[in-house]
Amino acid sequence: MNSQTEFQCWMKKKGTKFGFWHKVFVKIDENDHFLICKSEKKVKHDILIIPETIVDFYGNDNKKFLIRNPDQLNLIFSTNDENVCNAWVQELREIALNSHEYTIERFDTIRVLGKGSYGKVILAK
C-alpha cells in the first residue's frame, strides 16, 4: 500500500436505501481495510478488500466508483476530481490483487499435474 495519508479524504457516498449522497471520510488502514467514517475518527463501516472485491468506475462519470464484495450491497462513492478517483480505484484494485487471503495452505492438493523450471501445476480443491 502507498502512504496511508495519501489515501484518506472526504467523499460522498450514495445511500443504499434512498440513494441520497452523504458526506463521509474514507481511508485505508494499515491492514488494507477500507474504512467509511462519519468523522475522521469514528468508523461506521469496515470493508475487507479481498480478491473477489470488484472496484470499478460507476456510470459515465470518472469521478464515481463502486466497491462490490460478494453477498454485500454495492457501495458507490463520488469525488470532486477525476485524478483522486483514479488513484482510489487503482489502489483498491492493487490491494485486492495482492490480498493474502489465498495461500496454498488454504487448498487441498488432489494431484500434481506437472512440474517445470518455472513452477508446478496442481489440481486442488
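How does the radius of gyration of the protein chain stand against that of a compact globule of 125 residues? The legends below start there and then move in on single residues.

**Figure 1. The whole chain of this predicted model.** A compact globule of 125 residues would come out near 14 Å, but the protein chain has a radius of gyration of 18 Å. Along the principal axes, the C-alpha atoms fill a box of roughly 55 × 30 × 30 Å. If you trace the chain along its sequence, you will meet the pattern β-β-β-β-β-β-β-α-β-β, made up of 1 helix and 9 strands. Of the 125 residues, 30% count as buried. The chain exposes about 8700 Å², and carbon and sulfur atoms supply 48% of that area. Among contacts with a separation of 6 or more, 36% come from residues 24 or more positions apart.

**Figure 2. Phenylalanine 34 and its surroundings in strand S3.** Strand S3 spans residues 33–37 and holds phenylalanine 34. This residue counts as buried because its relative accessibility is 0%. Leaving aside neighbours within four places in sequence, phenylalanine 34 is in contact with a good list of residues to label, including Val26, Ile28, Ile47, Ile49, Ile67, Phe77, Trp88 and Leu92. The list also includes His45 and Asp46. For a sense of scale, the C-alpha atoms of phenylalanine 34 and leucine 97 are separated by 15 Å, with their positions 63 residues apart along the chain.

**Figure 3. Threonine 53 in the loop between strands S4 and S5.** Here the view settles on the loop joining strand S4 (43–48) to strand S5 (54–57). Threonine 53 has a relative accessible area of 8%, so it is buried. Its side chain makes a polar contact of 2.3 Å with the side chain of asparagine 69. Asparagine 69 is also one of the residues in contact with threonine 53 once neighbours within four places are set aside, together with Leu48, Ile67, Arg68 and Ala96. Phenylalanine 18 lies 35 residues away from threonine 53 in sequence and 24 Å away in space, C-alpha to C-alpha.

**Figure 4. Threonine 79 between strand S7 and helix H1.** This threonine sits in the loop that runs from strand S7 (75–78) to helix H1 (82–97). Is threonine 79 buried or exposed? It counts as buried, because its relative accessibility is 6%. A polar atom of the threonine 79 side chain lies 2.9 Å from the backbone oxygen of aspartate 81. Beyond neighbours within four places in sequence, threonine 79 is in contact with Met11, Lys63, Val84 and Cys85.

**Figure 5. The salt bridge of aspartate 56 and arginine 93.** A search of the whole structure finds 1 salt bridge. The pair links distant parts of the chain, with aspartate 56 in strand S5 and arginine 93 in helix H1, 37 residues apart. The closest N and O atoms of the two partners are 3.0 Å apart. Aspartate 56 counts as partly exposed because its relative accessibility is 35%. Arginine 93 is partly exposed as well, with a relative accessible area of 36%.

**Figure 6. A nonpolar patch on the surface.** Our last stop is a patch of about 370 Å², made by Ile110, Leu113, Val121 and Leu123. Strand S8 (109–115) and strand S9 (120–124) are the elements that give two or more residues to this patch. Valine 121, for one, is found in strand S9.

Notes: Residues are numbered from 1 along each chain as its sequence is written. This is a predicted model: local features need pLDDT of at least 70, side-chain atom pairs count only at pLDDT 80 or more; totals for chains, interfaces and linings use all residues. Side-chain values use heavy atoms; hydrogens and water are left out. Patches are made of residues with over 30% relative accessible area and no salt bridge: like charges are joined within 9 Å, nonpolar side chains (Val, Leu, Ile, Met, Phe, Trp, Tyr) within 5 Å. Accessible areas come from the Shrake-Rupley method with a 1.4 Å probe; for residues, only the protein chains shown count as cover. A salt bridge is a side-chain nitrogen of Lys or Arg within 4 Å of a carboxyl oxygen of Asp or Glu. Helices (H or I, at least four residues) and strands (E, at least two) are DSSP runs, numbered from the N terminus. Buried means under 20% relative accessible area, exposed over 50%, partly exposed in between (1.4 Å probe, protein chains only). A polar contact is a pair of N or O atoms within 3.5 Å; within protein, one must be able to donate a hydrogen and the other to accept it, and residues adjacent in sequence count only if both atoms are side-chain atoms. Contact means heavy atoms within 4.5 Å. The radius of gyration is taken over C-alpha atoms; the globule rule is 2.2 Å times the number of residues to the power 0.38.
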